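Me: Can you take me through this protein step by step? I would like short answers with the reasoning shown.

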Amino acid sequence: MVHFGLEFASTNEDYFKLGDMSFDLETVLSVLLGGFMVVGFFVNIPAKDTTRAQFKLWGYPEWFHIVTAILELIAAGLIFYQGTRLYGSALATIIMIFAVVTLWRHKEFAHSIPAVIALILLVLLCFVVIVTP
């Protein structure tokens, strides 16, 4: 079956092909979500004035952006290494749950879209890691 240039395997293997390259779902999700958490680290650690103002508006202490950034980097590192991927994706899931709840509590629904997408993909990654031998 071909869909937008991606050929999905019709056997029991969990991979898809793009030209001559093949990827398994766990690897693709790990790279995407680990990268997403690294980006979160680089956004939160320097914390521009707008980011600091948002954390203050949400009721978090002034230093909380640093805690968030460090947790995101830890989660990314754990996600990138296959042996700790489940722990990293679980930590990232918890981070994203808090992010989504915070944003929804403050009615910032449009701002929450990336976090919701990441949360859904993180739950999928947790599932894939658990069911894949």
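Here are a few questions and answers on this predicted model.

Me: In what order do the helices and strands run from the N terminus?
Reply: The protein has five helices and four strands. The strands lead and the helices follow. From the N terminus on, the order is β-β-β-β-α-α-α-α-α.

Me: What span does helix α3 reach from its first C-alpha to its last?
Reply: Helix α3 covers residues 64-80, which makes 17 residues. At 1.5 Å a residue, 24 Å is expected. The model comes close to that, with a span of 24 Å.

Me: Why do the buried residues of α3 lie on the same side?
Reply: Buried here means under 20% relative accessible area. In α3 that holds for His65, Thr68, Ala69, Glu72, Ala75, Ala76 and Ile79. They sit on the same side of α3 because they cover an arc around the axis of only 125°.

Me: Which helices do the buried residues of α3 pack against?
Reply: Packing is judged by contact, with heavy atoms within 4.5 Å. By that test, the partners of the buried α3 residues are α1 (25-44), α2 (49-57), α4 (85-105) and α5 (113-131).

Me: Which residues do ring pairs link into a cluster?
Reply: Rings pair if their centres lie within 6.5 Å. The protein has six aromatic pairs by this rule. Ring pairs join up a cluster of Phe55, Trp58, Tyr60, Trp63 and Phe64.

Me: What share of the exposed area do carbon and sulfur atoms supply?
Reply: Of the 133 residues, 32% count as buried. The protein exposes about 8,600 Å². Carbon and sulfur atoms supply 71% of that area.

Key
Residues numbered from 1 in each chain as written. Predicted model: local features only at pLDDT ≥ 70, side-chain atom pairs only at ≥ 80, totals over all residues. Heavy atoms only, no water. Helix = DSSP H or I, 4+ residues; strand = E, 2+ residues; numbered from the N terminus. Buried < 20%, exposed > 50% of the residue type's maximum accessible area, 1.4 Å probe, protein only. Areas by Shrake-Rupley, 256 points an atom, 1.4 Å probe, with all protein chains shown as cover. Phe/Tyr/Trp six-rings, centres within 6.5 Å; stacked < 30°, edge-to-face > 60°. Expected span 1.5 Å × (residues − 1). Arc of directions from axis to C-beta.
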